[in-house]
Amino acid sequence: MEISFVRIDDRLIHGQVATVWVKETKCNKIIAVSDEVAADTLRKTLLLQVSPPGIKAYVVTIDKAIEAYNNPKYADFKTLFLFTNPTDVVRVVEGGVPFKSVNVGGMCYKEGKTQITGAVSVDKQDVEAFRKLHEKGIELEIRKVASDPKVNLMSKIQDL
Amino acid sequence: MIAVIVGTHGKFSEELLRSTSMVYGQLENVAGVTFEPGESVSGLVDKFKAALETLDWSDGAIFLVDLFGGSPYNAASRIAAGYENIDIVSGVNLPMVVDVLVNRSSEHLEGLAQLAISAGRDSMKSFRSIRESQAEEEL
């Protein structure tokens, strides 16, 4: 399996992802990785419904994502991986999936989170996970859409 | 880069481009033209021409207008009739505009116009009918 792109976006598949990122990243599959969403039949069905034409989408648990990455049956996959949060990314990376760069697109504000850009808010757990990814040498860049300039995430959380 | 001009009855074009930038990001070589109550078609031709002057259409231009046969379409057609590298697609909607922007660097005018039509048309779907036909595939 080829890793086309890795994005954290808590809306998973939505307008920007379905129309712009899919084209930019030249993927042929979308794998949304979330234990929570994979267990939620309704959310899962609705997400699969909005996958763009010609692109097969899957919603899987973290364990399943690691297993699928290592399965030679999926060698022709050019996958756009979607996550809702960085902690899940750490788990997949620690499971042996070699992400080189993670795009952070949307993590919405909730109480107790700190807003670091218009579209990205983080809590303590997120910061800890991002630090782990950074220590592993993974690029962490914030961009809402492909044409935005890359913003280095670490520079935004160094004081948190 | 093919220039894009969105032309509509009322302020729809301006707002449509604002919506487009929410999904696509910053817009480049794109203009919106509004047709307000009381304006004439020849006035609209002038507005389109003025918009074209602000754009780079050395690779061509595509007008995306709302109603086929409406004034924005008619005004655009008066301009398009004089050039080989201008086309007009009617029935503009958000998916159409986004798809045109995403694909315009890799398409020629003719392909882009066809793609605009399919993008606009294929975006119309019913939740209930999709849900009935949906078959899930597991990894």
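**Residues 1-124 of chain B.** I looked up this stretch in the predicted model. Here the chain is 48% helix and 19% strand, and the C-alpha atoms at its two ends lie 28 Å apart. I then consulted UniProt, where an unreviewed entry assigns residues 1-124 of chain B the feature "domain: PTS EIIA type-4".

**Gly43(B).** I located Gly43(B) in helix 2 (residues 41-53) of chain B. Its relative accessibility is 26%, so I recorded Gly43(B) as partly exposed, a class that lies between the limits of 20% and 50%. I also checked its distance to Glu138(B): the two residues are 95 residues apart along the chain, and 57 Å separates their C-alpha atoms.

**Nonpolar cores.** I noted that nonpolar side chains tend to be buried together in soluble globular proteins. In this model the largest nonpolar core has 43 residues. Among those with the most contacts inside it are Ile30(A) and Leu80(A), together with Val4(B) and Ile62(B). Helix 4 (residues 94-103) of chain B gives the most to this core, namely six residues. I found a second, separate core of 39 residues, including Met1(A), Tyr74(A), Val122(A) and Val127(A).

**Leu80(A).** I listed the contacts of Leu80(A), leaving aside neighbours within four places in sequence. Its partners include Phe5(A), Val17(A), Val22(A), Cys27(A), Ile30(A) and Ile31(A), and also Ser4(A) and Lys29(A).

**Surface patch.** I turned last to the surface, where Leu42(A), Leu46(A) and Phe127(B) form a nonpolar patch. Together they have about 260 Å² of accessible area. Phe127(B) belongs to helix 6 (residues 127-133) of chain B. I recorded Phe127(B) as partly exposed because its relative accessibility is 41%.

Definitions and conventions: Residues are numbered from 1 along each chain as its sequence is written. Chains are lettered from A and ligands numbered from 1 in the order in which they are written. This is a predicted model: local features need pLDDT of at least 70, side-chain atom pairs count only at pLDDT 80 or more; totals for chains, interfaces and linings use all residues. Side-chain values use heavy atoms; hydrogens and water are left out. Patches are made of residues with over 30% relative accessible area and no salt bridge: like charges are joined within 9 Å, nonpolar side chains (Val, Leu, Ile, Met, Phe, Trp, Tyr) within 5 Å. Accessible areas come from the Shrake-Rupley method with a 1.4 Å probe; for residues, only the protein chains shown count as cover. A salt bridge is a side-chain nitrogen of Lys or Arg within 4 Å of a carboxyl oxygen of Asp or Glu. Helices (H or I, at least four residues) and strands (E, at least two) are DSSP runs, numbered from the N terminus. Buried means under 20% relative accessible area, exposed over 50%, partly exposed in between (1.4 Å probe, protein chains only). A nonpolar core is a set of buried Ala, Val, Leu, Ile, Met, Phe, Trp, Tyr and Cys residues joined through side-chain atoms within 4.5 Å. Contact means heavy atoms within 4.5 Å. UniProt positions are given in the numbering used here, feature names are shortened, and annotations may be inferred rather than shown by experiment.
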